[in-house]
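Trainee: I have a model open on my screen. How should I go about reading it?

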Amino acid sequence: MPSETAQDSLCVQWRTQQELKELVKQDRPVKVLIMGMPRSGTMSLVTALKQLGYTPYDFIDRFLLGHMPLWTQALRAKFLGQGKPWGKAELDRVVQGFDCVLDVPCPFFTEEFLAAYPDSVVILNKRDPDPWLASMNSTLFHVFSWPSWPLLAKLDPGFAGVWYTQYLLTWDIFCSTDHGEKCKQKYLEHYDYVRRVTPKERLLEYEVKEGWEPLCRFLGKEVPAGDFPDVNDQGNFVKGHKTLWAYAVFNAVKNVGVGVASVGVGVAAWWFYRTK
């Protein structure tokens, strides 16, 4: 498990395995779909929704519950024609116990979520495309440009491998791994897609700088006391992901050590029986 330093840097509080085990036993209908792209105020928004009593299904939940390979399968099925496309049964399997979903690749399945959960509403968190792209290039795209990821994915398949595999597939599907004008255009097209498939009465287009009032009005909630959350700046994002990267390095070294030890035991056994 990555350290508390990563949690603090990423401005998230990860649930323990026991907490997740209990959570997924609960029957909690999906109510809110956050279908905007990452780096569009997502962490501030999800922090606000937690204050309003929601239970979000986020990146770290997908990882800890072992769902990332499932979402990779879902991406391959929908966009590459490899396997069965997801419907309500598959979505129920992964969102059991949660009433709010967010972050890629979930927004790419907006129409599937809307069909599966007809009482849910969509929050389309957004920002201007130029600062969005600049933020992506200084955070997520920057982190995964580190040259060690392909090797770490091989040496630490359970953590770095599933994460890196889904990252590559997600952004290859979204923008052919382009980090410039094509990516910005695909960002705009994604928002048009969400608007097109979502009934107007179920849609709130929202920027976190608008604060509590429009969000609470849309959700039928009272406005809480205190300022709207402002979390997960670019520096903290990279710092947190450096900690996750270090955890992957630790796993890789440990796995290589186990491999070396296994080879040593094998050689010793061969020598022992050879010289008997």
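Mentor: We will go from confidence to overall build, then to the cores and two residues.

Trainee: What does the chain average in pLDDT?

Mentor: Begin with confidence, as this is a predicted model. The chain averages a pLDDT of 87. A score of at least 70 is reached by 87% of the residues.

Trainee: Over which residues is the pLDDT below 50?

Mentor: One such stretch is residues 3-12. The model still gives this stretch 26 contacts beyond near neighbours in sequence. Residues 260-276 also stay under 50. There the model has 0 contacts beyond four places in sequence. Where pLDDT is low, predicted coordinates should not be read in detail.

Trainee: How many helices and strands are in the chain?

Mentor: Count elements before looking at side chains. The chain has 14 helices and 5 strands. Then ask how much is buried: 48% of the 276 residues. Next, look at sequence separation. Among contacts with a separation of 6 or more, 79% join residues 24 or more positions apart. For the surface, the accessible area is about 13,600 Å². Carbon and sulfur atoms account for 56% of that area.

Trainee: Which residues have the most contacts inside the largest nonpolar core?

Mentor: They are Met37, Trp71, Phe113, Trp149, Trp171 and Phe174, in a core of 62 residues. Helix α11, residues 157-175, gives the most to this core, with 9 residues. Apart from it lies another core of 20 residues, including Leu52 and Val121.

Trainee: What is tryptophan 149 in contact with?

Mentor: Set aside neighbours within four places in sequence. Trp149 then contacts Val143, Phe144, Ala160, Trp163, Tyr164 and Trp245.

Trainee: Now a polar residue. Is threonine 42 buried or exposed?

Mentor: Compare its relative accessible area with the cut-off. Threonine 42 counts as buried because its value is 9%, and buried means under 20%. Thr42 sits in helix α3, residues 42-51. Beyond four places in sequence, Thr42 touches Met37, Leu102 and Asn125.

Trainee: And a charged side chain? Where is glutamate 90 found?

Mentor: Glutamate 90 is in helix α6, residues 88-95. Apply the cut-off again. At 18% relative accessible area, glutamate 90 is buried. Next, look for polar partners. A polar atom of the Glu90 side chain lies 2.8 Å from the backbone nitrogen of glycine 87. Leaving aside neighbours within four places in sequence, Glu90 is in contact with Lys84 and Pro85.

Terms used:
Residues numbered from 1 in each chain as written. Predicted model: local features only at pLDDT ≥ 70, side-chain atom pairs only at ≥ 80, totals over all residues. Heavy atoms only, no water. Core = buried A, V, L, I, M, F, W, Y, C linked by side-chain atoms within 4.5 Å. Buried < 20%, exposed > 50% of the residue type's maximum accessible area, 1.4 Å probe, protein only. Helix = DSSP H or I, 4+ residues; strand = E, 2+ residues; numbered from the N terminus. Contact = heavy atoms within 4.5 Å. Areas by Shrake-Rupley, 256 points an atom, 1.4 Å probe, with all protein chains shown as cover. Polar contact = N/O pair within 3.5 Å; in protein donor to acceptor, adjacent residues only side chain to side chain. pLDDT = per-residue confidence, 0-100.
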